[in-house]
Amino acid sequence: SKFASTANYENGTPMIIRGRIVSVEDHGCIVDLGGVLLSATGEKAKAFLKFDNIEGDYEVVDDEEGDDDDNMDEDVEDDDGRDTKPMDVDKSSSKTAGSKRLLNKHRVYDFAILPPQTSGEGSLSILQLSLPSTSTLATLRTTSEMVPSLSSLVPGMLMDVQVEQHAKNGMCVSFMKGVYRGALDEDHLGGWRSCDEKKKKGLGGGDSKEDPSMWWKKVFRGKHAKFSARIIAVDAATKIVRLSLNAHILSLRGEYSSFPLPVGTIVQNAQVIRVDPGIGALLALPPSETSPDDDAATAQLDKINHIIQLDRDLSNNLMSISEYKAASKVLTAYVHISKSIDPENNKSNKKGKPQAKHRTPEALFARHFSINSRVKSLRILSTSNLIDGIASCATAKSIVNAHVLTHEDIVPGKIYRNVPVIQLLDGGGVLVDLGLGTKGIIPAMHLFDKASHGNPDAGGDAVLSGYRQKIRQAKYKEGNLVDVRCLTVDPVSRQCILTAKK
């Protein structure tokens, strides 16, 4: 069906509002807006979505039996049996432009309010809505006429902003014709840039006094000091507004937030681009030397082309700047101070007193992690930070060289060598550490190749003979390294049974 263009909206820009489909009728859908708007009569406005006002393909899905409004406070079961959160926008809207949107009871979308078609009192008693596509939503800005107060701002609104001041950790901006002020953190400028290797310790080379780590000062100035950004957080009480230029937030496509490197990947020669004293450091990952497969390469190319096209549609034209385009391709990972250096590297302080276990001194951390320094190797631990798009990593050798990170990584039948012994159990078994706190048990019957002459029903050390008990105390002493093979593993209960038999 033909979709009403934005030129038909009042003032050229529609107002976007989130609503829930209450019921599907013959000619459209009745939508609940949550009572946020009032009609001309002072009552809560009702809304209706005509099928003709849906952009792209759609499909009407029959309601499942047993669905009712009482279950809306909990997870809503989708038509294919999957559980979804009640306030989540349907994931189908984030797929390709040709995918169909499903229309059924309880489904939540972002709708656009159409201008009234009739005049006179009561014309706004029923609001007419349209359902734009994700690509159209990504280009619709919010004007000052739509937001009369700071409390009316909601995350997801697209704003035209003006840079007022550059800061060490981002930028201060104004929007709505200078009425409101907000900020873009360093994590949400749309990219990262590592310091030039010729500039040491973050100081500019030559006569330049600018900090090269503040790369955005050279990008967001002149005609590029005005651009469009999307709100991600609003606190009306403290008057704090945060905006973002990250590609997956600006384009409203959640699939762009996925980190290309899987958990457990070891990366060599990363560079420190930011240090938070006493907290951790941000590392810029070098470009991958391995070529992706055809599907991954095609998906990456489509993503880049879509981001460039969106940049043009919003008139930001930031991707035309070579420095910003290069910054948008940089991947970053954050290492916490507790996972940066192994504790055995600092056994005592200057006074000769032992340091607290698993505590890295800030002075030692500062020596190893300074601006522009290189990190030999790191390991990706988590990629779940979908908002900032920054992975979590570890640089401690014990974690980088760990056999596994979780019980899900353990493979039955695989041999794990040089596994440290943690504890000798009362039942005659041995507890070992496979890596990063992932523990496994070697039962007493699997400690030696030959069967023991002890009493298997006695329990404790009596399971082994006197000679075997002495061998066990010596061979499986706490801290010793042994080779084991995985017999069974249950990731749910986190139980792993190993054997030391050859």
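**A hairpin, a barrel and two cores**

In the hairpin formed by S15 and S16, 3 residues sit between the two strands, and Gly278 takes a positive phi near 80°. The model is a predicted one, and this little turn is a handy place to start reading it. The strands on either side of the turn, S15 and S16 (residues 280-285), run antiparallel and are held in register by 5 bridges. Within that pairing, Val275 stands opposite Ala281 in S16. S15 has another partner to look at, too: strand S18 (residues 374-382) pairs with S15 in the antiparallel sense, again over 5 bridges. Here Gln271 is the residue that faces Arg374 in S18.

Stepping back to the whole chain, there are 7 helices and 24 strands. Of its 502 residues, 40% count as buried. The accessible surface comes to about 28,200 Å², and carbon and sulfur atoms account for 50% of that. How many of the contacts between residues at least 6 apart in sequence join residues at least 24 apart? The share is 62%.

Next comes the barrel. Five strands close up in the order S10-S11-S12-S14-S13, and the pairing around this barrel is mixed. From one strand to the next, the twist averages 50°. One of the pairings can be followed residue by residue: S10 (residues 158-167) and S11 (residues 170-175) run antiparallel, joined by 6 bridges. In this pair, Val161 stands opposite Phe175 in S11.

The barrel strands turn up again in the packing of nonpolar side chains. The largest nonpolar core has 36 residues, and Leu153, Phe220 and Leu243 are the ones with the most contacts inside it. Which elements give two or more residues to this core? They are S10, S11, S12, S13, strand S14 (240-244), H3 and H4. S10 gives the most, with 4 residues. There is also a second, separate core, made of 19 residues, with Phe365, Phe369, Val375 and Cys393 among them.

Charged side chains tell their own story. The chain has 10 salt bridges by the rule used here. One of them brings together the side chains of Arg274 and Glu186, at 3.5 Å from N to O. This pair links distant parts of the chain: Arg274 belongs to strand S15 (residues 266-276), while Glu186 lies in the loop between strand S12 (180-185) and strand S13 (226-235), 88 residues apart. Are these two partners buried or exposed? Both Arg274 and Glu186 are buried.

Arg274 does not stop there. The side chain of Arg274 also meets that of Asp276 in a salt bridge, with 3.5 Å from N to O. Arg274 has a relative accessibility of 19%, so this residue counts as buried, the cut-off being under 20%. Salt bridges with shared partners tie Glu186, Asp187, Arg274 and Asp276 into one network.

Another salt bridge joins the side chains of Glu255 and Arg253, with an N to O distance of 3.5 Å. Its two ends sit in unlike surroundings. Arg253 counts as buried because its relative accessibility is 9%, whereas Glu255, with a relative accessible area of 35%, is partly exposed.

Finally, two spots in the backbone deserve a second look. Most residues other than glycine have a negative phi. His106 is not a glycine, yet has a positive phi of about 80°. Where does His106 lie? This residue lies in the loop between strand S7 (101-103) and strand S8 (108-113). With a relative accessibility of 6%, His106 counts as buried.

Asn317 is the other spot, with a positive phi of about 55° although this residue is not a glycine either. Asn317 is found in a loop as well, the one between helix H3 (294-313) and helix H4 (322-327). As for its surroundings, Asn317 is partly exposed, because its relative accessible area is 37%, which falls between the 20% and 50% cut-offs.

Definitions and conventions. Residues are numbered from 1 along each chain as its sequence is written. This is a predicted model: local features need pLDDT of at least 70, side-chain atom pairs count only at pLDDT 80 or more; totals for chains, interfaces and linings use all residues. Side-chain values use heavy atoms; hydrogens and water are left out. Buried means under 20% relative accessible area, exposed over 50%, partly exposed in between (1.4 Å probe, protein chains only). Contact means heavy atoms within 4.5 Å. Accessible areas come from the Shrake-Rupley method with a 1.4 Å probe; for residues, only the protein chains shown count as cover. Two strands pair if DSSP finds at least two bridges between them. Axes are lines fitted to C-alpha atoms, for helices over the stretch in contact, and angles run from 0 to 180 degrees between N-to-C directions. A salt bridge is a side-chain nitrogen of Lys or Arg within 4 Å of a carboxyl oxygen of Asp or Glu. A nonpolar core is a set of buried Ala, Val, Leu, Ile, Met, Phe, Trp, Tyr and Cys residues joined through side-chain atoms within 4.5 Å.
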